[in-house]
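Hello,

Here is the structure I promised to pass on. My notes follow below it.

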Amino acid sequence: MNRQQLEKNIYKYASELLTEKGYVSSIDVLMKMEKLSKKQAEDWRFKRIPYLEKVISLNLGKLNHLLQTLKKFAKENQLKPSTTVYQSWGKGAKKTLRFSKTGNPHMEKLYSTHYMKQSK
């Protein structure tokens, strides 16, 4: 999949998610694109996977492009960014989950930002 096809898919699925849920998140887009399974996302939420990038079936360059395109989509559609804290599920102390191998704060924020319709 080249970047043009990737962008087309992101716009398509982000629009669908906005209609279905009223917001768009990178995880939901990745699941719609079948680059991340529901089971993989759940395994990550239950701390069975150390960081989400490990199981996403896109290379880091395309993944970064996806996150930037999602941000662009949100801006074009006047969506409000909202940083969401992803906490682990299950027993024991809740832990903030990591999206990237490096834990780079900028990347973590891009992954964890949800874009929602602005209330009128």
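**Helix 5, helix 4 and the core**

The buried residues of helix 5 are covered by, among others, helix 2, helix 4, strand 2 (80-83) and strand 3. Contact here means heavy atoms within 4.5 Å, and helices (H or I, at least four residues) and strands (E, at least two) are DSSP runs numbered from the N terminus. Those buried residues are Met 107, Glu 108, Leu 110, Tyr 111 and Ser 112, where buried is under 20% relative accessible area (1.4 Å probe, protein chains only). At the N-terminal end of helix 5, Asn 104 acts as a cap, with a side-chain oxygen 2.7 Å from the backbone nitrogen of His 106.

Before you go further: this is a predicted model, with local features needing pLDDT of at least 70 and side-chain atom pairs counting only at pLDDT 80 or more, while totals for chains, interfaces and linings use all residues. Residues are numbered from 1 along each chain as its sequence is written, and side-chain values use heavy atoms, leaving out hydrogens and water.

Helix 4 (residues 60-76) buries Leu 63, His 65, Leu 66, Leu 67, Thr 69, Leu 70, Phe 73 and Ala 74. Just after helix 4, Gln 78 has a positive phi of about 55 degrees.

The largest nonpolar core (buried Ala, Val, Leu, Ile, Met, Phe, Trp, Tyr and Cys joined through side-chain atoms within 4.5 Å) has 33 residues, and Val 24, Leu 36, Trp 44, Leu 52 and Leu 66 have the most contacts inside it. Helices 1, 2, 3 (38-45), 4 and 5 each supply at least two residues of this core. Beyond four places in sequence, Val 24 touches residues including Leu 70, Phe 73 and Tyr 115.

Best wishes

Key:
Buried < 20%, exposed > 50% of the residue type's maximum accessible area, 1.4 Å probe, protein only. Polar contact = N/O pair within 3.5 Å; in protein donor to acceptor, adjacent residues only side chain to side chain.
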